[in-house]
Amino acid sequence: MHLSPRSAASLVVATIVVGAAPAIASAVSTITISGATASYPLVQQLAHKYSKLNRNQVAFRIAQGGAQVGINDVAAGRVTIGDVSRDPLPSDPSGLDFYPIAKYAICVVTNKSNPLSTLSEAQIQAIFTGRYHEWSQVPGAGVTGPIDLISRTSTAGVLTNFKTLFLGNKSVAKTAAEEPSEGLLAQQVANDPHAIGFLSNYRADQGTVNAVGFNGVACNRANAASGQYSAVARFYEVTRGPATGAAAKFISWIDTSRAARKIISTQWIPNK
Amino acid sequence: MTRSAPPLAGPADTRRGRSIPARALERLRRPWPDSRAGRTLGAVSLLACLCVAAMVTFVAVRAWPIFAHDGLGWLGPGGSLSTQIETMLNASTDAPASAYRLHVWPILYGTLLITTLAVLLAVPLAVLSAVFIVELAPGPLRRAMVPVVRLLASVPSVIYGQIGILVLVPFVGNHLITTSQRVALESRVQLTGAGLGVAVVILTVMIAPIMVALVCEALGAVPSAWREGAAALGVNRLRAIRALTLRAIRPAIVAATVLATARALGEAIMISMVSGSVFFAPAPTDGVAFFYEPLRTLASTIIDNHEGIGSPALRSALYALALLLLFSAFVLSVAGYLIKLPLRRYGVRA
């Protein structure tokens, strides 16, 4: 048999394609997910457990990208489920169904050398909208000097929630630094004694920053679970139209099963 | 297809038993005729050109809505950039024309500022240390320095960013910035330590080793007869370096500067980590505090906002920034070429 390099190359490609075909054709249904980075650790644990319980029936492909990416991907039909870390907005495309899966608290955080125990809603608004410039204007502050606001880039779902829950939908002052991730925000607050920012509760719990109470209630998982701490936001699984098939089963498993509840309760708060 | 390659020596029947890919590989290993080699390699390099053209076209098409809204007006100043980006993000899928309003002057200025300052610092540093390594350092030291510089040149930028945010930013914030500086500027901008100064220092450290490595190679290529000639005329070492060696390697210095500038322009992660992440244009009139003021660059803005790439308006805006970066890389290499032209006559090519 006389074989040119070109036909050899096409043979190799053909072998790869034929070899991959059975994997595509099998009965495993694949759930594709993209979206919020904040809920990624939770969704990943849930998916891992779910595919263990339903071996050879379901497979997951999970990507991150941010809440807005999840919304756009699911609206365009690129993924089965979009992960979203904020409430539905009027600007979201129509025809999406939001299924709440868990709750998380948002904590205002300061540097460890400024162990503020609590702030009122009015104080937080005055600080983050730029009306207060100095820590001396804040009773109980452990430092003096200007206040350094550390916020998130406008794409962050946590920022949207923070504005709704703490600022009455007012905007954070324009002088604020806009960190692209929760990790960098935590690091900036840990670096700078004058800083103040906000994080989801499982980031604030990690001990690098001081979590400030809200209206007299300490910001932690227990207070958020008992309902005393009010600044609580939700994670959603979003589908285009009502969830069907494997996605519907997965979402109702998150909602009802004890295994899912156990995973959620490690760092987050079950929906009910 | 050309089939003129002679069969390899050896009985044909020993090859018959082999698998098909192995025989195909064997055919590829035979010496190629010039015409075939020329065509194949030509096709590969043409592919590179096609890739560049396709990428520029793609980015330009995606960025078009920004141009369609306001021509080249988006390069100028106007309004708050963070408000504009927020509007773009919230406009979601069916964005109205007003959502494409964008004025990128603060980040354009920030990019030019960081790059210029870092290159201005890096050029003398790099040239002087290269001259020391090649011309003055004792042998063992030179043999140790060259690999160390190469290693430094290949350190990933995220490591520099990490050192910046964990060490330099807190140091500047806690020890260099005074309370009076903070208070004086508090109504316009907050000084946290992350800002222009730290970004420029780290960027200089990042780009200088590339230049040192390139300049070292150029210095090595200067014919030793020239140096000997200078020594024979009684010129001392430092003067010979100034009058002869440095003049001879000018094209190489330009080439190294162009490469280093390109790396500085495109640096995203490190700058996103240490530059303070605020749309602010540092004002030289603020005195020393100028170096502590935060800013963003084109590349770091893309990194900071990539989560919003699902929103059509913001996606166009990020593509417009990318197009600007591509364009400046193009301008840079053309400028480098033009500067080198008159220097080539007696120079050492690099």
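Helices here are DSSP runs of H or I with at least four residues, strands are runs of E with at least two, and both are numbered from the N terminus. This is a predicted model, where local features need pLDDT of at least 70, side-chain atom pairs count only at pLDDT 80 or more, and totals for chains, interfaces and linings use all residues. Residues are numbered from 1 along each chain as its sequence is written, chains are lettered from A and ligands numbered from 1 in the order in which they are written, and side-chain values use heavy atoms, leaving out hydrogens and water.

**Exercise 1.** Find where B:S277 sits, then decide: buried or exposed?

Step 1: look in chain B, in the loop between α13 (269–274) and α14 (298–305).
Step 2: check the backbone; phi of B:S277 is near 50°, a positive value in a residue other than glycine.
Step 3: compare the area with the cut-offs: buried is under 20% relative accessible area, exposed is over 50%, and partly exposed is in between (1.4 Å probe, protein chains only). With a relative accessible area of 1%, B:S277 is buried.

**Exercise 2.** Now do the job for A:N56: buried or exposed?

Step 1: A:N56 belongs to the loop between α2 (40–53) and β2 (58–62) of chain A.
Step 2: its phi is positive, about 65°, although A:N56 is not a glycine.
Step 3: the relative accessibility is 64%, so A:N56 counts as exposed.

**Exercise 3.** Work out how many aromatic pairs there are over all chains, and what kind A:Y104 and A:F235 form.

Step 1: take the rule: rings of Phe, Tyr and Trp (its six-membered ring) pair if their centres lie within 6.5 Å; planes under 30 degrees apart are stacked, over 60 edge-to-face, and the rest tilted.
Step 2: that rule gives 19 aromatic pairs over all chains.
Step 3: A:Y104 and A:F235 are 4.4 Å centre to centre with 20° between the planes, a stacked pair.
Step 4: A:Y104 lies in strand β4 (residues 96–110) of chain A and A:F235 in strand β10 (residues 232–240) of chain A, so the pair ties together parts 131 residues apart in sequence.
Step 5: both A:Y104 and A:F235 are buried.

**Exercise 4.** Which residues of chain B have a charged end over a ring?

Step 1: the test asks for NZ of Lys or CZ of Arg within 6 Å of the ring centre and within 35 degrees of the ring normal.
Step 2: B:R36 has its charged end over the ring of B:W32, 4.5 Å from the centre.
Step 3: the charged end of B:R296 sits over the ring of B:F279, 4.3 Å from its centre.
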